[in-house]
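Please look over the sequence and the model shown here before reading on. The report that comes after is meant for someone new to this structure.

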Amino acid sequence: MARSSNIKRSTRETDITICLNLDGTGKHDINTTISYLDHMLAQVSRHGFFDITVKAEGDTHIDFHHTVEDVGIALGEAFAKALGDKKGIRRFADASVPLNEALSQCIIDISGRGFFVFNVDLPKAKIGEFDAELVPEFFQAFSANSGITLHLNSPYWDNLHHISEALFKSFARALDQACSLDSRSKGVPSTKGKL
């Protein structure tokens with residue numbers, strides 16, 4: 001059974017199409033018109049082994065906020081739809097990823113309850129043209145719309161590009177593990193019988 005989804009999200013601010021295959025090889029075709037976001041989403045695809053196509057247009061002449069947030073919303077919806085009833089998934093996962101001096105940790109529970117904790121003190125600064133404060137905005141939108149509990153932590157870092165990229169990479173690795181199927185699991189991984 002294919003674990004894939006197609007999402008179309010159109011508002012007065014953005015127009016987004018996402019195709020997702022959870023059991024992919026890391027192939028991606030991403031164009032959000034925001035180069036840094038494209039680079040980060042490519043990390044999610046490559047290091048999570050998800051096949052992802054993202055096409056997004058938004059009111060980037062104002063700023064990048066609406067597009068980044070709405071891509072997070074649509075990608076969260078895509079994961080929720082592709083996971084279906086969640087039977088057989090591992091559910092819990094964590095991953096730590098270094099990038100030079102920066103260390104990122106991501107902990108995930110595909111619980112059906114979107115909850116987001118961001119324990120990284122990012123400054124109000126830019127990475128090229130990209131506002132660093134949009135990193136947690138993306139993950140908040142993803143968590144709320146995927147129904148995934150997501151904790152992101154960093155005990156130390158110095159370079160803003162390094163820590164933001166490490167966050168996306170640790171997210172990819174943990175998400176891959178949590179979404180993966182466990183042959184020992186015969187149903188939904190919850191004593192309630194539903195996630």
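What follows is a description of a predicted model, covering strands, a helix, aromatic rings, the nonpolar core and the cysteines.

## Strand β2 and its partners

Strand β2, which takes in residues 14-21, has a covered face made up of T14, I16, I18 and L20, while D15, T17, C19 and N21 make up the uncovered one. In a regular strand the side chains alternate between the two faces of the sheet.

Strand β1 (residues 4-10) is joined to β2 by 7 bridges, and the two run antiparallel; a hairpin of 3 residues connects β1 to β2. In this pairing K8 stands opposite T17, a residue of the uncovered face of β2. Strand β2 is also joined to strand β4 (residues 51-58), by 8 bridges and again in an antiparallel arrangement, with N21 standing opposite D51 of β4.

## Helix α1

Helix α1 runs over residues 35-48, and because each residue should add 1.5 Å, its 14 residues should span 20 Å, which agrees with the 20 Å between its end C-alpha atoms. The helix is mostly covered, since 10 of its 14 residues are buried. Among the buried residues are Y36, L37, M40, L41, A42 and V44, and the list also includes D38, Q43 and S45. After α1 comes F49, which has a positive phi, near 60°.

## Aromatic pairs

The structure holds 9 aromatic pairs. One of these is formed by F139 and F168, a tilted pair with 4.6 Å from centre to centre and 40° between the planes. Since F139 belongs to helix α3 (residues 134-146) and F168 to helix α4 (residues 160-179), the pair ties together parts that lie 29 residues apart in sequence. F139 counts as buried because its relative accessibility is 0%, and F168 also counts as buried, at 2% relative accessibility.

The rings of F142 and F171 have centres 5.1 Å apart and planes at 90°, and because an angle over 60 degrees counts as edge-to-face, that is how this pair is classed. This pair, too, links distant parts of the chain, with F142 in helix α3 and F171 in helix α4, 29 residues apart. Both F142 and F171 are buried. Ring pairs join these four residues with F50, F79 and F138 into a cluster.

## The nonpolar core

The largest nonpolar core has 59 residues, and those that touch the most other members are F79, I108, F130, F138, F139, F171 and L175. Helix α4 supplies the largest share of this core, 11 residues. In soluble globular proteins, nonpolar side chains tend to be buried together.

F130 gives a view of the surroundings of one such residue: when its neighbours within four places in sequence are left aside, F130 is in contact with I34, Y36, L37, F64, V68, A125 and V135. Two of these contacts, Y36 and L37, are among the buried residues of helix α1.

## Cysteines

A search of the whole structure finds 0 disulfides. C19 is in none, and the nearest cysteine sulfur, which belongs to C179, is 17 Å away. With a relative accessible area of 30%, C19 is partly exposed.

C179 is likewise in no disulfide, and the cysteine sulfur nearest to that of C179 belongs to C106, 11 Å away. Because its relative accessibility is 1%, C179 counts as buried.

Conventions: Residues are numbered from 1 along each chain as its sequence is written. This is a predicted model: local features need pLDDT of at least 70, side-chain atom pairs count only at pLDDT 80 or more; totals for chains, interfaces and linings use all residues. Side-chain values use heavy atoms; hydrogens and water are left out. Buried means under 20% relative accessible area, exposed over 50%, partly exposed in between (1.4 Å probe, protein chains only). Helices (H or I, at least four residues) and strands (E, at least two) are DSSP runs, numbered from the N terminus. Two strands pair if DSSP finds at least two bridges between them. Rings of Phe, Tyr and Trp (its six-membered ring) pair if their centres lie within 6.5 Å; planes under 30 degrees apart count as stacked, over 60 as edge-to-face and the rest as tilted. A nonpolar core is a set of buried Ala, Val, Leu, Ile, Met, Phe, Trp, Tyr and Cys residues joined through side-chain atoms within 4.5 Å. Contact means heavy atoms within 4.5 Å. The expected span of a helix is 1.5 Å times one less than its number of residues. A disulfide is a pair of cysteine sulfur atoms within 2.5 Å.
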